[in-house]
Every structure is written in C-alpha cells, then in structure tokens.
Amino acid sequence: MKQLIINVDDSAFECVLGMLQLCQKVEVVNTGEMLDSDEQRDSCVLRAIEVLRARNALQYPYDFTWIMVVMDQYLVDGIDGFRSPQAFLAYLAELGIDHLPHRSTISNNYKKVDGVYPDWSFSDTEEPHEVLRRKNVARQFLAAFNKAKVALFDKKFDNV
C-alpha cells in the first residue's frame, strides 16, 4: 500500500476528488487545508513541543537543537528556518514555551549535525542508541506537528 499526499488548488479540488472516487482501489483517507496563517502554524508547533515534553522525548536541553535543524531543513510546513539560535529561541518563547536552553547550547550542538534528516550523522557521537534517540526527537516532533495540523483542520471542518 502506498500513500499519496497532493496539494490541489481550491478550484480543482472537487474535480480531483471526483476522479479519485472513480478509482476502485483508492481510498481518500483525509482532506484538509494547508496552514493558512502564522497563528495556526504556531499552535501546531506549540502542541508538538507539549507532546514531546509529555512523552519525555526532550531529555536534554540540547534536544531543542534537533527541532531547529528540521525546521531549518524546510521540513515543517510554514517555517522557512531561522537566522540564528537566538531567533529560534525567541520564536519558542513567543509561543509561551518555557524552560528553554541557552543560545550557546543550541549553537554548539547545531554544528555537530551533518546531512539532511533522516540521514543525519553527528560529529560528537557514533553511539547507535544516541544517534537514533536524536533522530527520534525530530521524528516525534514532525509527527506531533502533523497530527496537530490534521486535528486543527478536522476541528475546522467539523464547524462547517
């Protein structure tokens, strides 16, 4: 089984949906909107951080680095990265996230990541468990962000 995610202009949505319904072995699992405001994006980021904290996925202050890296690699809908660790931390503080690491913690660890997610390597460790744990922080953040986005749109469509 394969999953296909496509972006469709509003004017073509009904037509594309109709075509997909003609295909016997295709199931439309979910439809939704792209994030259309900074406020929606920010609420999804906040929710994702809350989920990671509740799961104790953020074991060390430097774990916020892996979240910044996936954002800087354009993997989070609506975020084009940050100029600096300070800008990243200021953004998180604006969202109301507390107990953030120091700028130097993010800066020092950012330099240790090489590659594009999920094919990261780290200059400070090759220990398989730690490498996997760091990648999983990013994976869990992306999953929680996308789940928050889906929930946001499901709620939006429930009110229609």
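## Helices and strands

Helices here are DSSP runs of H or I with at least four residues, strands are E runs of at least two, and both are numbered from the N terminus. With that in hand, R134 is easy to place: it lies in helix α6. The model you're looking at is a predicted one.

So what does the chain add up to? Its secondary structure comes to six helices and two strands. Walk along it from the N terminus and the elements run α-α-α-α-α-β-β-α. In other words, a run of helices is followed by the two strands, and a helix comes after them.

## The whole chain

The protein chain has 160 residues, and 37% of them count as buried. Its C-alpha trace spans about 55 × 35 × 30 Å along the principal axes. As for the outside, the accessible surface comes to about 10600 Å², and carbon and sulfur atoms own 51% of that.

How much of the contact network links residues 24 or more positions apart? Among contacts with a separation of 6 or more, such pairs account for 63%.

## R134, tucked away in α6

Is R134 buried or exposed? Its relative accessibility is 3%, and buried means under 20%, so R134 counts as buried. The side chain of R134 has a polar contact of 2.8 Å with the side chain of E130. These two residues make a nice illustration of a helix rule. An α-helix has 3.6 residues a turn, so residues three or four places apart point the same way.

Leave out residues up to four places away in sequence, and R134 still has a list of neighbours: it touches Y62, W66, W120, F122, D124 and T125. Two of those names come back when you look at N109, a residue in helix α5. N109 has a relative accessible area of 8%, again under the 20% limit, so it is buried too. With the nearby stretch of sequence left out in the usual way, N109 touches Y62, T65 and W66.

## Helix α4 and what comes next

Helix α4 covers residues 85–94, and its buried residues are P85, A87, F88, L89, Y91 and L92. What do they pack against? Their partners are α2, α3 (64–72) and α5 (103–110).

After α4 comes G96, with a positive phi near 95°. A little further on, H99 sits in the loop between α4 and α5. H99 isn't a glycine, yet its phi is positive as well, at about 55°. Its relative accessibility is 68%, over the 50% mark, so H99 counts as exposed.

## More to spot in the loops

N56 is another non-glycine with a positive phi, this one of about 60°. You'll find N56 in the loop between α2 and α3. Its relative accessible area of 58% is over 50%, so N56 is exposed.

Not every loop residue faces outward. I79 belongs to the loop between α3 and α4, but its relative accessibility is just 6%, so it counts as buried. What does I79 touch, apart from residues up to four places away in sequence? The list is R41, V45, M71, Y74 and Y91. One of these, Y91, is also among the buried residues of α4. P61 is 18 residues from I79 along the chain, and the C-alpha atoms of the two are 22 Å apart.

One more loop deserves a look, the one between β1 (113–114) and β2 (121–122), where P118 has its place. The peptide bond from Y117 to P118 is cis, with omega near 5°.

## The second largest pocket

The second largest pocket holds about 270 Å³ of space. Twelve residues? Yes: its lining counts 12 residues, and R47, A144, K147, A148 and A151 lie nearest its centre. Helices α2 (38–54) and α6 (128–158) are the elements that give two or more residues to this lining.

Which element gives the largest share? That's α6, with seven residues. Sort the lining by class and you get seven nonpolar residues, four charged ones and one polar one. So α6 shows up twice in this tour, as the home of R134 and as the main contributor to the pocket lining.

Key. Residues numbered from 1 in each chain as written. Predicted model: local features only at pLDDT ≥ 70, side-chain atom pairs only at ≥ 80, totals over all residues. Heavy atoms only, no water. 1 Å grid on protein atoms, 1.4 Å probe; cavity = no way out; pocket = protein on both sides within 12 Å on 5 of 7 lines; lining within 4 Å. Points joined across faces, edges and corners; volume = space filled by probe spheres on them. Nonpolar A, V, L, I, M, F, W, Y, C, P; charged D, E, K, R; others polar. Buried < 20%, exposed > 50% of the residue type's maximum accessible area, 1.4 Å probe, protein only. Polar contact = N/O pair within 3.5 Å; in protein donor to acceptor, adjacent residues only side chain to side chain. Contact = heavy atoms within 4.5 Å. Areas by Shrake-Rupley, 256 points an atom, 1.4 Å probe, with all protein chains shown as cover.
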